[in-house]
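Colleague: I would like a close look at a single part of this model. Please take one helix and work outward from there.

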Amino acid sequence: MYTEEEERYRFELREFLEQELSPLVEQIEGEELSPKGFIRKLGAKGYLGSMYPKEVGGTGRGIVYDTIVSEEVAYISPVTDTSRSVTSVMAAAPIYHFGTKEQMERYLRPLISGQAVGAIAISEPGTGSDAAGMQTRAERQGDFYIVNGQKHWITNAGIADHITMFAITNPDVHPHQGMSAFVIETNMPGFSVVRNPPVMGLRGVPHSHIRFENMAVPASNLLGKENEGWHVLTDELASERINISSRVLGAARRCYEEAVKHSATREQFGRKIRTFEGISFKIAEMKCDLDAARLLTLRAARMYDQGVRVEKEAAIAKLFTTERGFRIADKALQIHGGIGYWKGSPVEQFFRDIRAYRLGGGTDEIMKFLIQREEYRDFGY
Ligand SMILES: Cc1cc2nc3c(=O)[nH]c(=O)nc-3n(C[C@H](O)[C@H](O)[C@H](O)COP(=O)(O)OP(=O)(O)OC[C@H]3O[C@@H](n4cnc5c(N)ncnc54)[C@H](O)[C@@H]3O)c2cc1C
């Protein structure tokens, strides 16, 4: 499934993470330590730049390598990989695909080197799944766009240096023809963090509600062409969904391994609980789900690296991996019995964390909508 070089890369990465990330997990999860410092270390080691060529500061290895990074970081700390990926995949990919040379130097390089933290701002209080319904406006005035509006659920925004953001520039046409993408800096006057709401899982990074009030954004911060932001947005979502799939794969693999260990050592009725079919068959089901999720994620990632359009394959990988990943976490918790429900037990935390990914990056229902739409299209309907 993986080449020797990919396996070697994974092995070296694991050693690095075991030394550098594992000791920080409790503090990150306890919201006492921002993962920002660790992201800088990942950048220095080249673990943020797989998707980008050397000319812009990346390693040029491709998204398959990024899925390995995501999986291994999430195996230890899903929220750390969330913060990492929002920076080096979600915020960065649109800048690489649509940015000018100046934008790449000013914004992409720092994201890939770990010197800056990024965020991506699409969702608003009134529009989530229906992203085209966004209300945030950017009006051209001379050399600036004046931005007004609100975004919520913006992971990293409270700690970000810059944000890849979408707004309506022409309200008189359909948003697919009237939306634009920008890179904004969080120190621009008019930007504010309204609040960082408490969340069920993925604690340790802010998922912020942000506001733009007459924020003057230089016209040079427009990403791609004016009114072509919908294209920027949909282009970004394929890599985001592959990335989320690989992150869930790592988190689910951790739950699975914890369940194997626990069931092989815990005794009830004078026997190891793994000798009860009710337990061991769950292990078999979890393993099948895990392997299938890996194959679907890897298929989408390899196609992406070959430059093939992967909207459908990325949606299939995300739907399957996040649904089954949550099921794996649930079974792992069940296998642990009462101690799985203890606060601070790994499965309790991963159960909460994994649940988020059936929402962020497009919900299960939206993935099903996309998959069926592409299928009917392929059948000529
Ligand atoms: C942990 C987390 C991190 C996030 N990070 C970011 C971020 O960094 N940047 C960002 O922009 N956004 C982010 N989001 C927001 C996320 O993208 C939205 O939550 C998601 O798109 C769903 O939107 P919504 O929450 O408004 O739900 P809604 O769109 O209101 O949906 C509510 C329910 O209705 C269903 N539904 C809606 N439309 C349809 C339909 N056509 N057919 C069938 N069912 C439908 C949905 O599937 C869902 O079950 C994050 C969310 C989470 C949970």
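Which elements do the buried residues of helix 11 pack against?

Modeller: This is a predicted model, so what follows describes a prediction. Helix 11 covers residues 346-356, and its buried residues are Val347, Glu348, Gln349, Phe350, Arg352, Asp353 and Ile354. These buried residues pack against helix 2 (25-29), helix 4 (63-76), helix 5 (78-98), helix 8 and helix 10 (311-336).

One of them, Ile354, leads into the interior. The largest nonpolar core has 85 residues, and Ile354 is among those with the most contacts inside it, together with Leu17, Phe166, Ile242 and Met286. Helix 8 (residues 229-265), one of the partners of helix 11, gives this core its largest share, 13 residues. Apart from this core lies another, of 23 residues, which includes Ala119, Ala138, Phe212 and Leu222.

Phe166 also reaches helix 8. Setting aside neighbours within four places in sequence, the contacts of Phe166 include Gly229, Val232 and Leu233, and also Ile120, Met134, Lys151 and Met179.

Two loops next to these helices deserve a remark on backbone angles. Most residues other than glycine have a negative phi. Asn227, in the loop between strand 8 (222-223) and helix 8, has a positive phi of about 70°. Asn227 is buried, with a relative accessible area of 19%, and the cut-off for that term is under 20%. Glu31, in the loop between helix 2 and helix 3 (36-44), has a positive phi too, near 60°. Glu31, however, is exposed, with a relative accessible area of 55%.

Further along the chain is the ligand site. Thr363 and Glu365 are among the closest of the 17 residues that surround the ligand, as are Ser123, Ser129 and Trp153. A polar side-chain atom of Thr363 lies 2.6 Å from an oxygen atom of the ligand. For Ser129, an N or O atom of the side chain is 2.6 Å from a ligand oxygen, and for Glu365 the corresponding distance is 2.7 Å. Taken alone, the ligand exposes 970 Å², of which the protein buries 63%. Strand 1 (118-121), strand 3 (144-155) and helix 12 (364-378) each give two or more residues to the shell. Strand 3 gives the most, with three residues. By class, the shell has nine nonpolar, seven polar and one charged residues.

Conventions. Residues are numbered from 1 along each chain as its sequence is written. This is a predicted model: local features need pLDDT of at least 70, side-chain atom pairs count only at pLDDT 80 or more; totals for chains, interfaces and linings use all residues. Side-chain values use heavy atoms; hydrogens and water are left out. A nonpolar core is a set of buried Ala, Val, Leu, Ile, Met, Phe, Trp, Tyr and Cys residues joined through side-chain atoms within 4.5 Å. Buried means under 20% relative accessible area, exposed over 50%, partly exposed in between (1.4 Å probe, protein chains only). Helices (H or I, at least four residues) and strands (E, at least two) are DSSP runs, numbered from the N terminus. Contact means heavy atoms within 4.5 Å. A residue is near a molecule or strand if one of its heavy atoms lies within 4 Å of it. A polar contact is a pair of N or O atoms within 3.5 Å; within protein, one must be able to donate a hydrogen and the other to accept it, and residues adjacent in sequence count only if both atoms are side-chain atoms. Accessible areas come from the Shrake-Rupley method with a 1.4 Å probe; for residues, only the protein chains shown count as cover. Ala, Val, Leu, Ile, Met, Phe, Trp, Tyr, Cys and Pro count as nonpolar, Asp, Glu, Lys and Arg as charged, and the others, Gly among them, as polar.
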